[in-house]
Amino acid sequence: MGIQLFITLCLIFSSTILGALIFYALRNFEVPGAKAYLGLMISIVLYCLGYALEINQTTETGLFFSLRIEYWGISFLPAFWLLLAVRYAGYEVGWPRWFYAALFAVPTATVVLMNTNSLHHLYYSSFYVDTSGPFPMAGFDKGIWYHVNIFYMTICFFVGNLLFFRMMMNSAGRTRKQAATMFFTSIIPWTGNFVYQSGLAPYHIDIVPFTFFLVGPLFALAIFRFKMFDFVPIARHVVFDFMYDPVLVVDATGRLADYNRAAETILPGLSSQMIGNELRQILQDHPNLEDYLLPPYRAQEEIRLGKGTPSLVFQLSVIPIIGTQQREEAYVLMMHDISRQKLLLDTFQEQARMDALTGIYNRRYFMELGLKSLQHMSRYGHAFSLGIVDLDHFKSINDEHGHLVGDDVLRAAAQLFAEVLREEDILGRYGGEEFIFFLPETSPKVARTVAERLRRALVKMEISSKGQPIHIAASFGITGYEQATPGLSMKDLCKKADEALYLAKNKGRNRVEMLV
C-alpha cells in the first residue's frame, strides 16, 4: 500500500468517525456546548475530506478545487475552537451579537479571498503543482492574507488553550481531571499546526487533520457523557467569581484556600498569590475583621465596616465542608451585604421614635426613655425633674396665620428647647402644642430655673408671618424629687406636672409653676 493511499484511507476513516459525532451532536443539540462542538466537527470533516481529495489530484485546477473545500473547514475551525473554549470557561453568557460577527469576520474574508484569489492574489501570490514529494501536492507562495489567517488561527488556538488551562487550574477533584483531559487534548492540534507551519512534516504533508481524530471523540466524551458544560466550570466562574457577596474558603489549618472577586472589596490588596497563606497573616492589615473571619467562627454574625452613615454591613454565614473522615476540612465564609436592609431598618426605627413634625422624640419613645432614666435615678436615690410645656394661645396662631405657620412655630419651639437643654436631658413632643422634658440628676429647684430660662428664651424668639411678628409664650409645669425612691411611675409624674401646668395657666399663663 502506497503512502498516498494510506493517508487517503486514514483521512476517510477519520472523517467517518467525526461524521458520526456530528449526528450525535445533532441528536443532543440542546446540551450546553453542543452548537460550538457541531460547528467544530463540521469544519474538521470538510478539512479532512478536502485534504483527502487534494492528495489525489494531479492538475492545478483539481488541486485548487480541493483547497476550496478544505478552506470551508480550515477558515472556520479556529472560530468554533475558540467558541468551544469560551463556552467551557463560562465567558459566553450575555455576550453581544457583534462579538460573534467580529469572530467570524476573518474566516468569512478568508473563504472569499481564497476562492477569488486569481483576481487579486492576496491569499496565494502564486500557485502551482509541487511534484517534489511521493505524489503531486499543492505548491504556493504565501500572500498577505495567508499570513493574516495564520495569525488569526494562532490567536484563536492560543486563547482557547489558555482558557482550557485556566479551567484546569481552577477546578478540583474529578472535575480537574476532566479539565486536564480537555487541556492536554487541546494541545494536540496546536502541536500539529506548529510542525506543519515550521516545515518539519515529511514531504510537507499537512498532519493537522490527523490530530483531530483524537480531539473529536475526547471532546464528545467530555461534553455529552460527562456533561462538563453543565456544572462546575461554568458554576465556578459565573456563580463563584461573579457573585456579589464576598466569599472566602479557609482550610482546617486556617490558610486561605480560595476567594471570589467580591472579597477584594472588603480586603483591598487581596491577590491570588496569597492563596495558601495563613488568613491571620492576611488580616493583619484589616484588624477590624479579625474577630469575625478567624476561628472560632460565629455564624450569622453581623460585620459593620466603616463608621458613620452609610456604612457597609455584612451578615456572616459559615458553611463547614465535611471530609471523608467526617471531619471539618475547610470553611466557606460567605458575607451577605445587608447594608441596604440595615439602612431601611434604621430609618424605620428612627421614624418610629421621632416626631415627624418637630424632629424630637415622640410621646411613646419619650416615655420609654424617661422610664429607663427614672428607674436608674430611683435605684441610686438621685435627683430628677420632669416638666410639661404648653404654648399659650396656640389656637389663635393657627386661626390667624394658618396651620403651616403654626407648624413653623412648633418646629422653632422644639429647636429652641433642644438647644437650651443638655445632651443628657430627654425632650419630646407630648401632644399638640405640648412638650415634655426629663432632667436627670436635676433637683426640682434647679429645674424651675431651667424652665424660666426656656420661658424667657421663647418670649424673645422672633417669628414672623407675612412681615407681621408672632409673639410666643408658654406655661410650664414642673415636678420632681431631691432623692428618687423605688416605685415611682412616669404616669404619676406626668399627672403631677400636668397639675402644675394648669396651675400656671390659671395664674395668667406665661409662667412656671412647680408641684413636688
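What follows is a chat about how some of the labels used for this predicted model are earned.

Me: Before we start, what sort of model is this, and how are residues numbered?
Reply: It's a predicted model, where local features need pLDDT of at least 70, side-chain atom pairs count only at pLDDT 80 or more, and totals for chains, interfaces and linings use all residues. Residues are numbered from 1 along each chain as its sequence is written, and side-chain values use heavy atoms, with hydrogens and water left out.

Me: Why are α16 and α20 called roughly perpendicular?
Reply: Helices here are DSSP runs of H or I with at least four residues, strands are runs of E with at least two, and both are numbered from the N terminus. The axes of α16 (residues 363-380) and α20 (residues 490-506) cross at roughly 105° and come within 10 Å. Axes are lines fitted to C-alpha atoms, for helices over the stretch in contact, with angles from 0 to 180 degrees between N-to-C directions. Under 35 degrees counts as roughly parallel, over 145 as roughly antiparallel, 65 to 115 as roughly perpendicular and the rest as oblique. So α16 and α20 get the roughly perpendicular label.

Me: Which residues of α16 and α20 meet?
Reply: Phe366, Met367, Gly370, Leu371 and Leu374 of α16 meet Met490, Leu493 and Cys494 of α20, with contact meaning heavy atoms within 4.5 Å. By class that's 7 nonpolar, 1 polar and no charged. Ala, Val, Leu, Ile, Met, Phe, Trp, Tyr, Cys and Pro count as nonpolar, Asp, Glu, Lys and Arg as charged, and the others, Gly among them, as polar.

Me: What makes α17 oblique to α18?
Reply: The axes of α17 (residues 394-401) and α18 (residues 403-420) cross at roughly 140° and come within 7 Å. That crossing makes α17 oblique to α18. Among the residues in the contact are Phe394 and Ile397 of α17 and Val405 and Val409 of α18. The contact has 5 nonpolar, 4 polar and no charged residues.

Me: How do you know that β9 is largely enclosed by the rest of the structure?
Reply: 5 of the 6 residues of β9 (residues 426-431) are buried, so the strand is largely enclosed. Buried means under 20% relative accessible area, exposed over 50%, and partly exposed in between (1.4 Å probe, protein chains only).

Me: What makes β9 and β10 a pair?
Reply: Strands pair if DSSP finds at least two bridges between them. β9 and β10 (residues 434-440) have 5 bridges and run antiparallel. Isoleucine 426 of β9 stands opposite phenylalanine 438 in β10.

Me: Why is aspartate 425 called buried?
Reply: Aspartate 425 sits in the loop between α18 and β9. Its relative accessible area is 10%, so it is buried. Aspartate 425 also makes a side-chain to side-chain polar contact with arginine 422, at 2.7 Å. A polar contact is a pair of N or O atoms within 3.5 Å; within protein, one must be able to donate a hydrogen and the other to accept it, and residues adjacent in sequence count only if both atoms are side-chain atoms.

Me: Is lysine 466 buried or exposed?
Reply: At 84% relative accessible area, lysine 466 is exposed. Lysine 466 lies in the loop between β11 (463-465) and β12 (468-470).

Me: What makes histidine 121 partly exposed?
Reply: Histidine 121 has a relative accessible area of 42%, so partly exposed is the label. Histidine 121 also has a positive phi of about 55° although it is not a glycine.
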